[in-house]
Structures are given as C-alpha cells and as structure tokens.
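Here is a friendly tour of one model, arranged by topic. Keep the viewer open beside the text as you read.

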Amino acid sequence: MRIWAAWVVVALTVTLHTASWAIVWRHDVPEQNYINFAQRYEFSGVAKVRQWTTGVVIHDGWWVLTCMHGIPPFPGFTVTVGSEVYRVEQMYIHPLWDYMRPDYAYDLVLLRLDRRATGVYHAPIYTGRNEQNAIGYGVGYGVGGTGQTGFDPNNYPYGVKRAMENYIDSVSSQWFWQRFDAPNTGNVLPLEGAGAPGDSGAPVFIQENGIFYVAGIIILGANGQYGTSTGSIRVSTHAAWIHSIVAPEPSSLLALGGALVATALVRRRQQRVPKRAIRKTTLPIVLLLAISIPFCAAHAQNELRVAWIKGGHSASVMGVAYSPDGKLVASASKDGTVKLWDVQRRTLVRVLTGNQTWAMSVAFSPDGQLVASGGADRVVRIWRVDNGQLVRELRRHWEVINQVQFSPDGSTLASAGNDSVVHIWDVSTGNWIRTLSHPHWVACLAYSPSGNLIATGDTQGAIRIWNVTTGTEIRSLNHGSWIQSVAFSLDGTLLVSGGRDYQIKLWRVNDGTLLDQQRHNDWVYCLAFARDGNTLASGSYDRTIRIWNVQNQSLSHQLTINTNRAVLGIAWGPDRTTIAVGYGDDRASVYRGVALWRADGTLIGDLTIYQGSVESIAFSPETYYRNHVATGSWDGRVRVWWVPNGNFVDQFTHSGVHSVAFSPGATALAAAGEGSTVVRNLLNGNTTTLGGHGHSVSSVAFSSSGLIATGSWDRTIRLWNASTGVHQRTLTGHTEWVSSVAFSGWLLATGSGDGTVRLWDSSTGQLLRTLSGHTQAVNTVAFSPTGMLLASGSHDDTIRLWNPNTGALVRTIHAHNWQVTSLSFFPNGQLLISAGGWEGVLRVWNVANGTLVREYRPNLGQSIRSVAVSFDGKYFAFGTSDGVLVMAHAPCARAGDANEDGCVNDADLLQVLFNFGASGPNSGDVNCDGTVDDADLLAVLFNFGLGC
C-alpha cells in the first residue's frame with residue numbers, strides 16, 4: 001500500500017499545484033445535461049487511467065493517449081474503458097518529459113494495452129492547425145462543481161463522466177486555452193465548462209467534416225470558476241511523434257513469414273530444383289557435408305556487416321560510468337537504452353537492450369567484464385561487455401530504480417529505488433542477499449572502497465551508513481533536503497553528499513561530523529571522486545562541473561567548467577585527466593548526450609552525434625560530391641558524412657528536421673522541418689528558406705527538371721523552382737498529412753496519412769491518379785531507378801508495389817509487424833529494403849516475386865526510422881529513434897560472400913553447399929535471386945579468397 005500511496009501523493013500534489021483539471025459546469029444548467037452529453041458514441045473511448053487521470057483511446061484501439069504526471073513510469077497498471085478493464089503492456093513517454101523538472105508542454109505518454117479496446121470510438125489524432133475559434137469538447141471523469149463555486153470534491157468526487165463545450169480562445173505552438181464564460185457574457189455555449197482536479201489527460205475533441213478528432217490533452221487550469229481558462233497540450237504539435245509510435249494490432253506476421261519461408265523452401269526444393277539435379281549435386285559432397293554441418297551451421301546466418309556506427313541519445317542521460325581500463329564509457333538514458341562508447345575513437349560500440357522504459361543508472365563491474373543498469377521498469381539488468389549478452393535480470397523492486405553499483409570486489413551489487421529500499425544481490429548467482437530499508441524513496445547509494453560499508457541517501461535528506469555484511473545501520477546523517485548523490489573518498493574516511501538544496505556537504509565517516517559545505521547555483525545531481533583520492537567533481541543543473549580539492553577535511557574550489565547543459569551524470573577516467581559527463585534537458589535548453597572533458601576544463605568532444613530520432617538519410621548522387629551521405633534529425637541537425645569511413649564533413653541546423661534530399665547534381669542539400677524547408681548551396685554555403693506551409697514540412701525531394709517538392713502536415717504539397725526558390729504551385733487533395741514525396745522525371749508521387757498515394761504531373765500540377773488499397777497511413781513512397789515501379793510503405797505493415805503508368809497494383813508484401821517506416825530501392829531496381837519501425841528489423845525484398853532475400857535484426861532496442869541505399873549499391877544506412885546512425889555493407893555487393901563477413905572463403909562455400917536449393921532470407925543466396933543454386937556456387941568458387 002505504501003508504494004502505490006506514494007504515486008497517489010505525487011499525482012495529487014501535481015494536480016493541486018499545477019491545476020490539472022477536468023469538468024465544472026454552469027450553475028444554471030443541470031449537471032445531468034453534461035453527463036448526458038458525455039454519453040455520445042464519439043466520447044465512448046474516454047478512459048480512466050488508474051486514479052485521478054483520464055485518457056482517450058486512439059488509432060486502432062490498442063493505444064491510449066494521456067498525460068504522464070499522474071501515473072508511474074512503468075507498465076502494468078490498469079485502464080478502464082467503459083465497463084472493460086485493460087492492462088498497460090508498454091509505455092512510450094514523450095522524450096522531453098522530465099518528472100523531476102517538468103515542462104508540461106511535453107506531459108504526454110502513449111499506453112499500449114494488452115488487448116484492443118472494442119465497442120468504443122477510436123479517436124483519430126488532429127493534425128490540422130485550425131484550432132483557433134473552433135469549439136473544443138472536453139470529456140473527463142474529474143471532480144465536479146459549478147462556475148460559481150469552482151470545483152467541489154466533497155459533493156462531486158472523481159468518477160463521473162461529463163463533457164463540456166468551449167470555444168478555443170487562444171492558441172500557441174504548444175498550447176490552446178478555453179475560457180469558462182459566465183452566462184450572459186461573451187460567447188457562451190449551452191454546455192460551457194471548465195476543469196477540476198482529477199482529470200489530467202482528459203481529451204479535447206474538435207469536430208471537422210463530421211469526424212471527432214483529439215486536438216488537445218487537458219493539463220492546466222485554475223479553480224474552475226467563471227472567467228478561468230483550461231489549458232490543453234496542442235496535440236497537432238506532437239502528431240509526428242505520436243504517429244511514429246502507434247502501430248496496428250499485433251499480428252502473427254512474423255510467424256506467418258516463417259511459415260511462408262518454410263513453405264517456399266519446400267516448394268523450391270520440390271519444384272524448382274529437379275531431384276536428379278539435387279542427387280547429382282549432393283552425392284559427391286555427402287561426406288563433406290557430414291563433416292561440415294556443425295561448422296556450417298555456425299555460419300548459416302547473414303549478420304549485419306557494419307562499416308561504421310555513430311551514436312546518440314534521444315532523452316536525458318541519467319548516468320555515466322568509465323570502464324576500469326578507461327577504454328569504454330557507458331551511458332544510461334531515459335530513451336530506454338544503455339550504450340557503450342569507445343573513448344579513443346569516440347564512437348558507439350554497442351547498444352545494450354532489454355529496458356522497457358527509462359534507464360536511470362549504469363555501472364561497470366571492477367573487472368570490466370560486466371555492466372549493470374536499473375531504471376523505471378524496476379528491473380536490474382546485467383550484460384557482458386564483450387558481446388552485449390544479457391546475463392541476468394534481477395527482480396525484487398516495486399518502484400523506479402534510481403542507482404545501481406557493484407561492490408569493490410565485484411561479488412555483490414546494490415540497487416536503490418523509490419520503493420524505499422536498497423537490495424543487495426549476489427552477482428555470480430543473481431540471488432537476493434538482503435534488503436536495507438529507508439522510510440522514504442532511496443535516491444542514491446555508494447559502496448565504501450573497502451566494500452564493508454554502504455551509504456544511502458533518500459528524498460527527505462537522510463543519509464544512512466550500513467554494515468554490508470550484517471545489514472545493520474551504523475550511522476544516520478541529515479543532509480537537510482532531497483539527496484541526489486553520495487560518494488566515499490578513496491580512503492573511505494570521508495563522505496560527500498549533494499542535493500536539491502544546491503549544497504555539497506563533506507562528512508567524516510567514523511563519527512558523522514559535518515566538516516564543510518559548498519554550493520552550486522542549482523540542484524547538485526552527481527558527485528565523483530578521482531582515483532588520486534583528493535579531487536572531487538560535482539555536476540549540477542546549473543550547467544557546470546565544479547572541481548574541488550578535498551584536503552585537510554575541507555572542500556577547496558579549484559575550477560568551474562561551464563558546459564551550457566544540465567549535468568546529470570559524471571565519472572572520472574582512471575588517469576584523473578578525463579571526465580565523462582551525461583547531459584539532460586533543462587528548462588533553458590534541450591540537450592541529451594555524453595561528452596568527454598579534460599580536468600583542466602577543455603572539451604575533448606561529444607560522444608553523441610544526435611539528440612533525437614534520425615528521421616531521414618540521403619546519399620549523394622554519383623557526381624563530384626560522390627560518397628557522401630546526409631542525415632537529418634528531430635534535434636534540428638543536418639550532418640554530412642564521408643561514406644567510406646564516417647568522417648564528419650559538414651553540418652547546418654533547422655528546427656525539427658523530418659527529411660533531407662540532395663539535388664541531382666549534389667550542389668544543394670535540402671532539409672524539411674518545422675514550418676519550412678532550408679536549401680543549402682554546397683558550393684558557397686548560402687541558404688534559401690522555402691516557407692508558406694501552415695504546419696511541419698514532412699518531406700522534400702528534388703526533380704531532375706529543376707523542381708523541389710515539399711509535403712506537409714498541412715495536407716498540401718508545394719512545388720518550387722530549385723534555382724530561385726520561387727513558389728510555383730500548391731497541390732491539394734489529400735485529406736490528411738502528406739508524409740512522403742518522390743520524383744521520377746516529371747512524375748511526382750505523394751503518400752499521405754489518408755492511406756492513399758497520389759500521382760501528379762509536376763509540370764502542370766494535374767492529379768493523374770489516386771492509388772488506394774492501404775488501410776492505414778502511408779509513411780513512405782519510392783520510385784525504382786527506372787521509374788517503372790513505385791513502392792509505398794504503410795502503417796498497415798505492408799509494402800505495395802504499383803505500376804505508376806497504369807496505377808495497377810503489382811504486388812502486396814506483408815512486410816513488417818510494426819509499421820513500414822522507410823523504403824529504398826537498390827540501384828539495379830531488383831531489390832528493395834524496408835525498415836520496420838519498432839519491430840527493429842530491416843528486410844530486403846526481391847521485387848520481381850516479392851520474396852524475402854535478407855533479414856537484419858540490429859538489436860538496437862529502438863525504432864528504425866529511416867533507411868537508404870547508396871547510388872553504387874555498396875552500402876546502406878539506417879537511423880533509429882534514439883539518434884543512432886549505422887552504415888552497413890549492402891547484401892549482394894561482394895560477389896560470392898554468402899555470409900557477408902567481407903571474405904569469400906570456405907565458410908561461404910559450405911553455406912552454399914549446405915543450403916543448395918533453399919530459398920528465403922540468410923540462406924546463402926549470394927546473388928539475391930531468391931534461390932541458392934549453381935550461380936551462387938560458381939560465384940563463390942570464382943571469387944574465392946576475395947577480401948580475405
């Protein structure tokens with residue numbers, strides 16, 4: 001009860017102090033009218049989320065959109081829709097939400113239910129920008145009352161569903177507001193209302209063309225009396241984030257795909273390869289296969305052959321750790337990932353997956369072989385450093401885990417959490433050893449260097465020092481406020497604590513004496529001693545690192561490093577010359593990443609290249625600017641890389657980049673983002689801005705005839721003169737946002753959230769035909785190099801191949817299990833690669849017959865948002881939702897390399913022989929024609945030794 005009560009207290013505190021509201025009614029109108037109004041079918045999907053929070057069923061019924069501040073940051077709680085109770089299986093928290101320092105403009109979360117909500121209205125998301133002066137219908141279950149008295153929880157408690165109607169009076173980029181006008185004043189509506197506590201997350205609907213869309217999520221209000229206003233998050237601003245996550249109901253596509261592959265394999269063996277041929281081929285090598293099967297099986301799968309990888313984080317980095325040998329840095333982030341970085345090369349080495357939500361802390365074992373993390377999903381995870389294998393999961397916490405740490409000898413691990421306990425675990429077995437209890441949430445812990453003691457700090461300012469062996473409390477200290485970090489000196493005689501009172505306090509361990517105290521200008525979030533024993537680093541929300549000399553039992557300030565970013569994690573390198581720093585968002589800036597600093601205050605460099613989803617990738621054409629690739633991210637950065645080695649070449653910025661494209665001659669690079677498109681001249685660096693859209697620009701493309709097309713969430717396409725930037729015409733007709741644009745000569749294809757693909761004559765603006773068939777939003781369109789084929793990928797998990805000349809559907813490929821987010825043809829036009837969103841899978845298809853040729857599972861734990869193939873077909877690149885960019889060697893690019901390890905050798909020969917006659921992905925199909933046959937065997941023999 002205490003655990004859940006803690007979250008109720010948080011919800012109530014936020015509700016009362018930030019005024020998160022629901023429905024209060026006119027004193028001259030019966031309450032029953034508001035109750036009756038709430039019964040209409042369009043409001044049937046309004047849900048109770050745990051207690052004191054409301055949400056709304058959206059999309060296809062598997063998802064609920066609500067606010068974050070009233071619910072725990074881990075799944076498993078219940079949502080009630082009508083008379084049905086559902087369990088939340090997954091949570092996707094807005095990456096800019098920070099419960100410690102909340103910016104309520106990002107107070108959003110998507111909840112994935114355990115089953116589809118049926119018999120209720122599945123509300124679509126409003127993507128327009130016409131909220132001003134529209135009527136907004138707010139629906140919720142909160143505390144009631146009248147406009148004369150304001151909310152009255154004693155007489156009108158939480159739990160009754162009511163609906164109100166108010167004009168939307170004021171609109172900003174993030175919010176809209178609805179004033180509660182008294183009767184006979186202003187533009188009073190019959191069911192005018194305001195908010196009351198208990199319904200944070202309540203939807204505000206807008207009716208457009210007879211459809212009720214979710215346009216707002218109620219967050220802010222006052223006391224509910226006449227003249228007050230209710231503030232709602234403007235959902236259209238976050239439509240791209242919402243649609244990047246929601247997906248159709250879970251299906252058996254993967255199992256079905258496996259069955260189809262197996263069926264195809266049998267069919268190919270029986271029909272396409274004559275038995276006589278098989279006997280002739282296999283009999284001479286029966287003995288060879290018998291000896292080689294164990295060896296060959298180990299090489300039977302094609303692995304992703306990475307050329308280089310760049311890393312990022314899409315949410316605050318909550319903790320960092322240096323490996324004992326100083327070669328690696330680990331980072332834990334609220335984007336749900338733990339990442340390992342190569343310090344010398346400053347590159348991403350590995351992503352450790354398994355976390356369901358925020359990762360809050362990370363630690364290396366003393367021998368450097370293991371890394372542990374804990375976070376909001378209440379599980380401690382331990383991985384092997386060398387291969388990223390998950391060794392074990394430790395489950396005993398019932399609330400968020402704030403910190404984990406190995407003992408100095410590596411035999412035990414301690415974890416501290418918001419369930420007010422510290423658990424001690426046996427690392428070798430994973431067994432729980434004992435629990436140390438606090439009366440309040442435990443925010444931090446530290447082992448003493450000897451391993452005999454543990455210090456723990458809680459959210460009420462209490463520091464407790466424990467005997468690790470017996471679990472007995474030795475001493476209690478009072479820091480005075482919420483403690484964020486504690487650390488022992490190298491000799492174990494001193495302890496420092498830092499907290500939300502901006503103070504760093506130095507204590508003598510053996511008697512608990514407060515020896516000294518210093519301060520930052522904001523919360524002190526992290527502390528770390530260097531291995532010299534005398535140097536302390538502190539990190540703070542005031543955007544500084546401060547270096548202190550700890551001698552003579554006092555803190556002497558040595559240096560202040562201005563990072564210009566909130567410092568949430570800090571770790572010393574083993575040589576005391578370098579510091580790894582984890583950054584998080586604060587109210588003044590948005591920055592999430594990991595950087596290396598020298599102890600003298602010199603910035604070595606960032607390890608993270610992006611702080612947001614890598615939304616678009618474009619390779620340069622085969623011109624003088626060849627072998628370059630451009631990437632664009634939601635964090636506003638457009639970067640250009642040298643393909644062979646990943647060296648950084650150039651960059652510029654534009655707000656919230658959704659799409660990038662090179663001009664045909666690679667003399668210009670365009671980036672589409674929030675409200676406009678920026679075109680950069682790569683010869684002189686000059687930029688031109690293409691404005692005019694009324695919403696975010698989702699896509700951009702150059703034609704070979706000197707045009708630029710931009711598609712927008714405002715449902716229009718604009719055509720521009722590429723040389724002058726002059727607007728030529730606007731194309732309308734799509735009824736939802738335009739997600740993708742692509743040219744083939746003068747022919748322009750556009751994909752939309754309305755589920756259609758439209759083909760236009762770009763020279764006249766004439767609509768030639770509309771291609772229908774997708775059942776959900778179209779995310780991406782791509783022409784084959786010859787223009788004879790058009791591919792479209794959709795939220796409905798399918799790829800559709802069309803004849804653009806006739807509009808005929810050529811083929812439907814059931815491609816993925818969680819959206820098709822991006823498509824790219826190979827230069828030969830015979831292969832197509834697709835990205836599968838949160839399924840985290842890349843698949844390569846033979847377009848002639850729709851068969852699956854290759855399948856790659858990078859195991860990065862995030863959504864794959866973009867993919868592109870180089871113009872020479874040697875590489876493909878893909879980007880993820882947490883800012884990771886991977887450059888990989890393309891399949892079939894090296895003749896004879898069956899297992900794609902870069903070397904044509906006996907492993908490739910054995911793989912082809914063992915799978916002779918087979919079909920399907922990763923079977924040894926060297927030339928990617930769908931079958932392992934004589935051509936593949938000859939390719940291996942002819943190229944034997946190539947690349948070795």
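Which residue in β54 is the bridge partner of L669? The bridge partner turns out to be R680. Please bear in mind throughout that this is a predicted model. The briefing takes in two open sheets, a buried strand with its two hairpins, a covered helix, a cavity and some salt bridges.

**The sheet around L669**

- The strands β52, β53, β54 and β55 make up an open sheet of four strands, in the order β52-β53-β54-β55 and with antiparallel pairing.
- The edges belong to β52 (659–662) and β55 (687–690); each has a single partner strand, so one side of each is left without a neighbour in the sheet.
- From one strand to the next, the twist averages 15°.
- Five bridges link strand β53 (residues 668–672) with strand β54 (residues 677–681), and the two pair in the antiparallel sense.
- The pair of L669 and R680 mentioned above involves β54 on the R680 side.

**A second open sheet**

- Another open sheet of four strands follows the order β39-β40-β41-β42, and the pairing here is antiparallel.
- Why is one side of β39 and of β42 left without a neighbour in the sheet? Strands β39 (524–529) and β42 (554–562) stand at the edges and each has a single partner strand, so one side stays free of a neighbour.
- On average, neighbouring strands of this sheet are turned by 25° against each other, with direction ignored.
- Strand β40 (residues 535–540) pairs with strand β41 (residues 544–551) over five bridges in the antiparallel sense.
- If you would like a place to begin in the viewer, T535 stands opposite N549 in β41.

**Strand β28 and its two partners**

- Strand β28 (residues 412–417) has six of its six residues buried, so it is largely enclosed by the rest of the structure.
- In a regular strand, side chains alternate between the two faces of the sheet.
- In β28, T412, A414 and A416 point one way, while L413, S415 and G417 point the other way, and all are buried.
- On one pairing, strand β27 (residues 401–406) runs antiparallel to β28 and is joined to it by five bridges.
- Within that pairing, I401 stands opposite G417 in β28.
- The hairpin of β27 and β28 has five residues between the strands, and G410 there takes a positive phi near 80°.
- β28 also pairs with strand β29 (residues 421–426), in the antiparallel sense and over five bridges.
- A414 has I424 as its bridge partner in β29.
- Three residues lie between β28 and β29 in their hairpin, and S420 in the turn has a positive phi of about 70°.

**A covered helix**

- Helix α7 (residues 906–914) is mostly covered, with seven of its nine residues buried.
- The buried residues in α7 are A907, D908, L909, L910, Q911, V912 and L913.

**Empty space inside**

- Rolling a probe the size of a water molecule over the atoms reveals where empty space remains.
- How many cavities of 30 Å³ or more does a search of the whole structure find? The search finds one.
- The largest cavity has a volume of about 50 Å³.
- Its lining consists of F619, S620, E622, N627, H628, V643, S870, F871, D872 and Y875.
- Sorted by class, the lining of the largest cavity has four nonpolar, four polar and two charged residues.

**Salt bridges**

- Counting side-chain nitrogens of Lys or Arg within 4 Å of a carboxyl oxygen of Asp or Glu gives 26 salt bridges.
- D28 forms a salt bridge with R26, with the closest N and O atoms 2.8 Å apart.
- Is R26 buried or exposed? R26 is buried because its relative accessible area is 11%, under the 20% cut-off, whereas D28 counts as partly exposed at 40% relative accessibility.
- In the salt bridge of D114 with R115, the closest N and O atoms are 3.4 Å apart.
- D114 is partly exposed at 27% relative accessibility, and R115 is partly exposed with a relative accessible area of 31%.
- D511 and R508 bring their side chains together in a salt bridge of 3.0 Å, N to O.
- D511 is partly exposed with a relative accessible area of 40%, and R508 counts as partly exposed at 23% relative accessibility.
- Elsewhere, salt bridges that share partners join D377, R381, E393 and R395 into one network.

Technical notes:
Residues numbered from 1 in each chain as written. Heavy atoms only, no water. Pairing = 2+ DSSP bridges. Axes fitted to C-alpha atoms, helices over the stretch in contact; angles between N-to-C directions. 1 Å grid on protein atoms, 1.4 Å probe; cavity = no way out; pocket = protein on both sides within 12 Å on 5 of 7 lines; lining within 4 Å. Points joined across faces, edges and corners; volume = space filled by probe spheres on them. Nonpolar A, V, L, I, M, F, W, Y, C, P; charged D, E, K, R; others polar. Buried < 20%, exposed > 50% of the residue type's maximum accessible area, 1.4 Å probe, protein only.
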